[in-house]
Amino acid sequence: MARGGFRPGAANMNNMMKQVKKMQEQMEKAQSEIEEKEFSSSAGGGVVEATVNGKKEVVNIKIDPDVVDPEDVEMLEDLIMVAVNDASKKASDYNEETMGKLTGGINIPGLM
């Protein structure tokens, strides 16, 4: 053992722990920013628009009144579903891209 109780790897371990803490803080900040962002998508040439936040919660839906046809509710439902799913995918893709930059592409469960 080294004299005076000094362990050669202790300094490296301290530096690594500081880096881990800094990375954790950056990831928490990025996650918070992601959750506040909004992602929109439209369907049917823009007659239906859906907006979700970074938590993939629907925050707004706009429907052009001209597309509302009581005889064809199924088409409107499909347009809404397409717009919501696409907006949600945009949020997921942005989340993966942003967090991937911080983690170096390592998939950390619960972050993405």
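The legends below accompany close-up views of a predicted model of one protein chain.

**View 1. The protein chain as a whole, with its helices and strands.** The protein chain holds 2 helices and 3 strands, and, read from the N terminus on, these elements follow the order α-β-β-β-α. Of its 112 residues, 24% count as buried, while the chain exposes about 8,100 Å², with carbon and sulfur atoms supplying 52% of that area. Among the contacts between residues at least 6 apart in sequence, 47% join residues that are at least 24 apart.

**View 2. V52 and its surroundings in strand β2.** V52 is found in strand β2, which covers residues 48-53, and this residue counts as buried because its relative accessibility is 1%, whereas the cut-off for buried is under 20%. Leaving aside residues up to four places away in sequence, V52 touches several residues, among them F39, V58, V84 and A91. The C-alpha atoms of V52 and A83 are separated by 9.9 Å, although these two residues stand 31 residues apart along the chain.

**View 3. A negative surface patch that includes D72.** The residues D69, E71, D72, E74, E77 and D78 form a negative patch on the surface. One of them, D72, lies in the loop between β3 (58-63) and α2 (73-103), and D72 is described as partly exposed because its relative accessible area is 31%, a value to be read against limits of 20% for buried and 50% for exposed.

**View 4. Salt bridges along helix α1.** A search of the whole structure finds 4 salt bridges, and one of them joins K21 to E25, with the closest N and O atoms 3.6 Å apart. K21 and E25 are separated by about one helical turn, because they are 4 residues apart in helix α1 (residues 10-36). K21 is exposed, with a relative accessible area of 52%, while E25, at 44%, is partly exposed. Another salt bridge links E33 with K29, where the closest N and O atoms are 3.9 Å apart; E33 and K29 also lie in helix α1, 4 residues apart and so about one helical turn from each other. E33 counts as partly exposed at 44% relative accessibility, and K29 is exposed at 56%.

**View 5. A salt bridge in helix α2.** K101 forms a salt bridge with E97, and the closest N and O atoms of this pair are 3.7 Å apart. Both residues belong to helix α2, where K101 and E97 are 4 residues apart, or about one turn of the helix. K101 counts as exposed at 65% relative accessibility, whereas E97, at 49%, counts as partly exposed.

Note on methods
Residues numbered from 1 in each chain as written. Predicted model: local features only at pLDDT ≥ 70, side-chain atom pairs only at ≥ 80, totals over all residues. Heavy atoms only, no water. Buried < 20%, exposed > 50% of the residue type's maximum accessible area, 1.4 Å probe, protein only. Contact = heavy atoms within 4.5 Å. Areas by Shrake-Rupley, 256 points an atom, 1.4 Å probe, with all protein chains shown as cover. Patch = residues over 30% accessible without salt bridge, like charges linked within 9 Å, V, L, I, M, F, W, Y side chains within 5 Å. Salt bridge = Lys/Arg side-chain N within 4 Å of Asp/Glu carboxyl O. Lys, Arg positive; Asp, Glu negative; His and termini not counted. Charge placed at Lys NZ, Arg CZ, Asp CG, Glu CD.
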